[in-house]
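Reader: I'm new to this, so please take me through this structure one step at a time.

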Amino acid sequence: MKPIRVGAASLNQTPLEWEGNARRIAEVIEQAKREGVSLLCLPEMCICGYGCEDAFLSHGVQETCLEVLHDLLPLTKNIVVSVGLPLRLRNAVFNTVALLAQGRVLGFSAKRHLAGDGIHYEPRWFKPWPSGRVAHLDWNGERLPVGDLLFDCGGVRVGFEICEDAWVADRPGSRLAQKGVDIIFNPSASHFAFGKSRTRAHYILDGSRAFGAGFVFANLLGNESGRAIYDGETMIAHLGRTLARGKQFSFGDSVLTTAVLDVDLGRLKQSHMASFQPDLDDNETDVVKIAFNYPDLAPEKLTPIPPDWEHGEHVKEEEFTRAVSLGLFDYLRKSYSRGFVVSISGGADSAAVSCLVGLMVRLAEKELGLMEFKEKLHYIKELQDAGDVAEATGALLTCVYQGTRHSSSTTFNAAKGVAEAIGARFARFDVDGLVGQYTRLVQDLEGRELTWDRDDLALQNIQARVRGPGAWMLANLHGALLLATSNRSEAAVGYATMDGDTCGGLSPIAGIDKNYLRRWLRWLQEEGPEGLEAIPALEAVTRQAPTAELKPKEFEQTDEGDLMPYDLLDAIERAAIRDKMMPLEVFRALRGEFGAIEAGRLATWIERFFTLWCRNQWKRERYAPGFHLDDENLDPKTWCRFPILSGGFERELQVLRAYVAKER
């Protein structure tokens with residue numbers, strides 16, 4: 001038997017933050033050594049950060065990565081460590097992982113399959129490494145191998161599948177298995193999306209079973225560069241079984257997960273597999289060997305992973321809460337903002353954004369403790385005197401209700417109740433006078449009175465827009481970050497006022513649909529995240545029909561009255577934008593699901609969606625950055641590209657009209 005302790009560590013890195021990134025790498029290496037780890041896998045691009053964008057092409061960035069790599073070498077006595085970095089070779093840049101041991105760089109394993117879909121743009125910067133090829137780099141007085149490598153560390157064979165490599169059909173693990181691999185490292189920058197952790201666990205377990213090997217997965221952690229959030233998952237599997245799995249969505253700098261696996265047991269498994277066909281070529285030019293001594297260890301009994309929120313009934317609610325809370329926390333501290341401001345209306349969107357900030361404080365304090373939480377935000381002087389979670393929230397979050405003559409006591413009381421329940425600082429601004437002043441200025445210019453039957457849109461939008469300057473002023477005054485409150489459903493049809501509810505430097509719920517957001521608020525009102533209390537005050541929000549409250553009360557304005565039912569809106573959006581259906585295809589696809597809606601009315605709402613979608617692309621281009629949460633993202637900068645000017649699907653809508661008319 002040959003038991004070996006292996007480790008996987010997540011890291012909360014920041015692009016181009018050289019000293020901080022290097023310090024966190026060094027700290028987790030030292031922690032791993034204290035815990036007896038012999039082989040340690042760190043995340044993809046952990047030296048420079050995965051989100052460097054076009055800076056990956058900079059010679060200076062690549063040179064600095066190598067300087068940091070050199071500085072890490074003294075830490076690798078009696079431990080083998082993988083660290084990710086970009087590497088230039090023959091005028092091309094490659095996504096690589098350096099394997100370090102005994103104060104040396106053993107070589108650079110290069111990524112074969114680049115992530116080029118969704119939010120990923122790796123082919124813009126990197127070249128894919130061809131299978132079976134090895135080249136060399138002269139660096140630091142040595143000639144080092146680069147490419148499709150296998151490392152023999154003291155008789156234990158270690159290979160790499162770098163992030164996307166493990167997600168494709170032609171996985172490098174198949175070739176590694178033929179060469180008798182014992183352990184596969186999977187350093188990753190695998191962004192969070194709902195349910196993705198389960199998919200990831202499947203390929204980890206399936207790979208370890210199919211290849212008869214150990215599998216060590218290490219992901220990035222936190223909001224690394226703005227939009228993408230990384231869950232920080234770490235997982236160690238062997239022969240189809242999970243040996244260890246680390247905490248996700250940690251507010252710490254890193255999470256180290258270790259386990260003991262029996263290399264000889266894996267070799268025995270390979271010999272029993274009918275599908276196993278070893279590569280019998282003695283000329284192994286792609287194998288890098290180094291002498292390495294492993295400490296004597298006793299086999300470790302497999303301990304079942306205890307159940308937690310990941311296995312409950314509300315996984316999506318928990319994931320949404322924890323991912324966005326961590327995203328807000330990292331955005332706050334990495335931008336050195338001194339808190340948040342929310343223009344709270346008493347409706348679902350602003351209540352959700354406010355509660356997410358409150359949950360951020362509670363989750364971080366629960367994990368770190370109040371002292372460490374304040375230390376991570378040490379530059380915020382107002383926070384340092386906070387004695388509990390409520391005071392900490394009050395120091396970080398200001399909620400301001402900005403009413404006009406059309407605002408109701410219902411929304412004011414709902415806004416105030418939510419703010420008080422989470423401990424936020426609350427203020428009320430009466431902006432009706434400002435609305436009146438702008439209205440009179442324009443009436444004087446136009447020489448007529450503005451009326452609701454003629455000037456509806458202008459009279460609504462001015463109310464939303466006058467709320468922007470006061471919220472911005474509060475944010476500027478305190479050096480805080482103004483949070484926009486628009487959701488994805490409203491972004492799809494432009495049901496948001498530019499420079500009104502879209503005001504902000506960050507839009508935390510831009511990636512989530514309104515229908516789900518309302519369900520999440522009810523869950524938060526009644527149950528709440530595991531380990532935290534519910535927020536009953538949200539009942540004043542969830543019992544209301546969503547309304548912008550921009551028209552006189554006699555109009556009985558509601559969001560769904562202005563648009564269409566939110567469940568239908570979301571279904572049309574998924575079919576049209578995610579699934580790329582044309583209007584008639586959308587109509588046919590939804591006819592059964594929404595059979596209670598008369599055909600002509602359904603067609604009218606579908607036409608309204610396509611028309612508003614095309615008309616409002618310019619708005620989506622201007623929205624503040626939001627978090628990526630799933631494959632229904634509408635962010636034109638990272639996911640869903642569409643022309644600002646287009647033909648507006650007019651031909652396709654004519655086909656829909658003709659089809660419905662013939663049905664009648």
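Author: Two strands pair if DSSP finds at least two bridges between them. Helices (H or I, at least four residues) and strands (E, at least two) are DSSP runs, numbered from the N terminus. You're looking at a predicted model: local features need pLDDT of at least 70, side-chain atom pairs count only at pLDDT 80 or more, and totals for chains, interfaces and linings use all residues. Residues are numbered from 1 along each chain as its sequence is written, and side-chain values use heavy atoms, without hydrogens or water.

Reader: Got it. In the open sheet of seven strands, which are the edge strands?

Author: The order runs β15-β14-β11-β10-β9-β8-β17, with mixed pairing. An edge strand here pairs on one side only, and that fits two of them: β15 (241-245) and β17 (287-290).

Reader: Where does the antiparallel pairing of β8 and β9 put C153: which residue of β9 stands opposite?

Author: Strand β8 (residues 150-153) meets β9 in the antiparallel sense, over three bridges. Look across from C153 in the model, and the residue of β9 standing opposite is V156.

Reader: And on to β10: which residue there is the bridge partner of F160?

Author: Strand β9 (residues 156-160) and β10 run parallel, joined by three bridges. To get from β9 to β10, the chain crosses through helix α4 (residues 172-178), in a right-handed β-α-β crossover. (Right-handed means that, with the strands pointing away from the viewer, the path from the first strand over the helix to the second runs clockwise.) Back at the bridges, the β10 partner of F160 is F185.

Reader: How many bridges join β10 to β11, and through which helix does the chain cross?

Author: β10 and strand β11 (residues 214-219) run parallel, and the bridges joining them number six. One pair of bridge partners is S188 and N219 in β11. The crossover from β10 to β11 is a right-handed β-α-β one too, and the chain makes it through helix α5 (residues 196-210).

Reader: Why is strand β10 described as largely enclosed?

Author: Here, buried means under 20% relative accessible area, exposed over 50%, and partly exposed in between (1.4 Å probe, protein chains only). One side of β10 holds I183, F185 and P187, the other I184, N186 and S188, and both faces are covered. The strand (residues 183-188) is largely enclosed by the rest of the structure because its buried residues number six of the six.

Reader: What is the order of the four strands in the other open sheet?

Author: This sheet's pairing is parallel. Its edge strands are β20 (425-430) and β21 (481-483), each pairing on one side only. Strand β18 (residues 340-343) joins β21 by three bridges, with V341 opposite L482. Put together, the order is β20-β19-β18-β21.

Reader: Which helix makes a right-handed β-α-β unit with β19 and β20?

Author: Strand β19 (residues 397-403) runs parallel to β20, and six bridges join them. G403 stands opposite D430 in β20. The helix in this right-handed unit is α11 (residues 409-422).

Reader: Is S354 buried or exposed, and how many Å separate its C-alpha atom from that of T398?

Author: S354 sits in helix α8 (residues 348-368). Its relative accessibility is 0%, so S354 counts as buried. T398 is 44 residues away along the chain, yet the C-alpha separation is 8.9 Å.

Reader: Last one: does L441 count as buried or exposed?

Author: You'll find L441 in helix α12 (residues 432-446). Its relative accessibility is 58%, so L441 counts as exposed.
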